[in-house]
Amino acid sequence: MKPFNLEEAKAGKPICTRDGRYSVKFIAHVPAGILKQGETLIVAIDGYARHYEGNGSASCKCEGCNDLFMGGMKREGWACVNLSTLNDATTVRDEKSTRITCAANGKIPVRLEWEE
């Protein structure tokens with residue numbers, strides 16, 4: 001996971017907690033002095049509003065499982081795999097061209113998912 005980035009959060013990029021359990025929605029960045037000492041972020045976790053420091057920290061005292069991080073972007077792709085060698089793979093972008101490429105080369109199409 002990448003460290004919390006306020007500008008990316010404002011732009012709508014995914015946010016999660018340190019332990020990755022929660023999907024977090026950015027609500028607002030407010031001027032200093034309106035919330036409790038040091039808190040300048042309002043986010044929603046499981047439908048409840050929570051206050052955070054501008055750096056994504058839930059507490060200024062120590063690191064915790066509720067600190068904010070930038071979540072990974074989910075990606076999807078396809079690959080042609082030769083099951084007899086497992087090291088001979090051809091990566092193709094979409095399902096249709098993968099199936100055509102795989103069939104022409106005697107390989108099987110495999111759908112892949114990953115986070116960046």
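Threonine 17 is found in strand S2. In this predicted model, the residue is buried, because its relative accessible area is 0% and the cut-off for buried is under 20%. Its side chain has a polar partner. A contact of 2.7 Å joins the side chain of threonine 17 to that of aspartate 19.

Now step back to the whole chain. It holds two helices and nine strands. Read from the N terminus, the order of elements is β-α-β-β-β-β-β-β-β-α-β. The chain has 116 residues, and 31% of them count as buried. Its accessible surface comes to about 7,900 Å². Carbon and sulfur atoms account for 52% of that surface. Contacts also reach along the sequence. Take those between residues at least 6 apart in sequence: 43% of them join residues at least 24 apart.

Next comes the interior. The largest nonpolar core has 12 residues in all. Its members are Phe4, Leu6, Ala9, Ile15, Val24, Phe26, Leu41, Val43, Ile45, Tyr52, Leu68 and Met70. Four elements give two or more residues to this core: H1, strand S3 (23-29), strand S4 (39-45) and strand S6 (68-70). S4 gives the most, with three residues.

Valine 43 is one of the core residues. What does valine 43 touch, leaving aside residues up to four places away in sequence? One group of its contacts is Val24, Lys25, Phe26 and Ile27. Another is Tyr48, Ala49, Arg50 and Tyr52. Leu68 completes the list. Among these partners, Val24, Phe26, Tyr52 and Leu68 also belong to the core.

Follow the chain past S4. Aspartate 46 lies in the loop between S4 and strand S5 (48-53). It counts as exposed, because its relative accessibility is 52% and the cut-off for exposed is over 50%. Its backbone deserves a look too. Most residues other than glycine have a negative phi. Aspartate 46 has a positive value, near 55°.

Alanine 11 sits in another loop. That loop runs between helix H1 (6-10) and strand S2 (15-17). Is alanine 11 buried or exposed? Its relative accessible area is 63%, so alanine 11 is exposed. Phenylalanine 26, a member of the core, is 15 residues away from alanine 11 in sequence. In space, the two are 9.4 Å apart, C-alpha to C-alpha.

Note on methods: Residues are numbered from 1 along each chain as its sequence is written. This is a predicted model: local features need pLDDT of at least 70, side-chain atom pairs count only at pLDDT 80 or more; totals for chains, interfaces and linings use all residues. Side-chain values use heavy atoms; hydrogens and water are left out. Buried means under 20% relative accessible area, exposed over 50%, partly exposed in between (1.4 Å probe, protein chains only). A nonpolar core is a set of buried Ala, Val, Leu, Ile, Met, Phe, Trp, Tyr and Cys residues joined through side-chain atoms within 4.5 Å. Contact means heavy atoms within 4.5 Å. Accessible areas come from the Shrake-Rupley method with a 1.4 Å probe; for residues, only the protein chains shown count as cover. A polar contact is a pair of N or O atoms within 3.5 Å; within protein, one must be able to donate a hydrogen and the other to accept it, and residues adjacent in sequence count only if both atoms are side-chain atoms.
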